[in-house]
Every structure is written in structure tokens, then in C-alpha cells.
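Please look over the structure shown here before reading the notes. They are grouped by topic.

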Amino acid sequence: MPTYEYVCTKCGHEMEAFQSMKDEPLTRCPACRKAALKRKVGGGAGLIFKGTGFYITDYKKKSGTPDGAKAPAKTPPTKPAAPAAAAK
Ligand SMILES: [Zn+2]
């Protein structure tokens, strides 16, 4: 049974609750009785990070190919405006 951390957005009261993942998140703050309880990001965050990591890895793999790496490095910087100075 995971422990969820809650924080009240009204009074700042913090608490922990043992809940099943299937349970609905608590909303009622026991301190101020307002429905302002917010569940802190905890167990669910792992999934998000995992997804992001996978995406970054995938992206690197694509841009790390010889073709992709060569193109940007080979591009020469545009020369300063030499003709403009000579036009004087
Ligand atoms: Zn509260």
C-alpha cells in the first residue's frame, strides 16, 4: 500500500495517507475542513520520468548518427561583410 503525501492549498497542512492506487485522492483537509487538499507528486512521478528518459534516449540516438553529426559541424560560419567595407 503506497503512502501518499497531501498538502492543503488553503492552510498548508501536510499529511500522509495510506491508500490504494485505486482509491480516489483525498480532497478534504482535516485541519481546515476545506476541499483544498492536493496530492503531492510521488509514486506517479516515476512513470513520467521514465517516459521522458526514453524520449531523450530516442532523440539522442537519432541525432547521433554520422550524417546528423557532420552536417552542423561542417557548416562554415558566414564571413563578415567584407564587400561592404570595400564598397567605400
Ligand atoms: Zn487545510
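The notes below cover a metal site, a nonpolar core and contacts of aromatic residues.

This is a predicted model. In it, a zinc ion is coordinated by four cysteine SG atoms, and seven residues form the largest nonpolar core.

**Zinc site**

- The SG atoms of C8, C11, C29 and C32 coordinate the zinc ion at 2.3 Å.
- Angles between the four donor atoms run from 105 to 115°, which makes the arrangement tetrahedral.
- For a tetrahedral label, all angles must lie between 85 and 135 degrees.
- The ideal angle for four tetrahedral donors is 109.5 degrees.
- Along the sequence, the donor residues follow the spacing C-x2-C-x17-C-x2-C.
- C8 belongs to strand 1 (residues 3–8), while C32 is in the loop between strand 2 (14–18) and strand 3 (37–39), so this pair ties together parts 24 residues apart in sequence.
- C8 is buried, at 3% relative accessible area, whereas C32 is partly exposed, at 25%.

**Nonpolar core**

- The largest nonpolar core consists of Y4, Y6, C8, A17, C29, A36 and L37.
- Strand 1 supplies the largest share of this core, with three residues.
- Two zinc donors, C8 and C29, are among the core residues.

**Aromatic residues**

- Leaving out residues up to four places away in sequence, Y6 touches H13, E14, M15, A17, Q19, P25, L26, L37, K38, R39 and K40.
- The charged end of R39 sits over the ring of Y4, 4.1 Å from the ring centre.
- The count of aromatic pairs is zero.

Notes:
Residues numbered from 1 in each chain as written. Predicted model: local features only at pLDDT ≥ 70, side-chain atom pairs only at ≥ 80, totals over all residues. Heavy atoms only, no water. Donors = N, O, S within 2.8 Å, 3.2 Å for Na, K, Ca; no water. Tetrahedral: all angles 85-135°; square planar, octahedral: opposite > 155°, others 65-115°. Helix = DSSP H or I, 4+ residues; strand = E, 2+ residues; numbered from the N terminus. Buried < 20%, exposed > 50% of the residue type's maximum accessible area, 1.4 Å probe, protein only. Core = buried A, V, L, I, M, F, W, Y, C linked by side-chain atoms within 4.5 Å. Contact = heavy atoms within 4.5 Å. Phe/Tyr/Trp six-rings, centres within 6.5 Å; stacked < 30°, edge-to-face > 60°. Lys NZ or Arg CZ within 6 Å of the ring centre and 35° of its normal.
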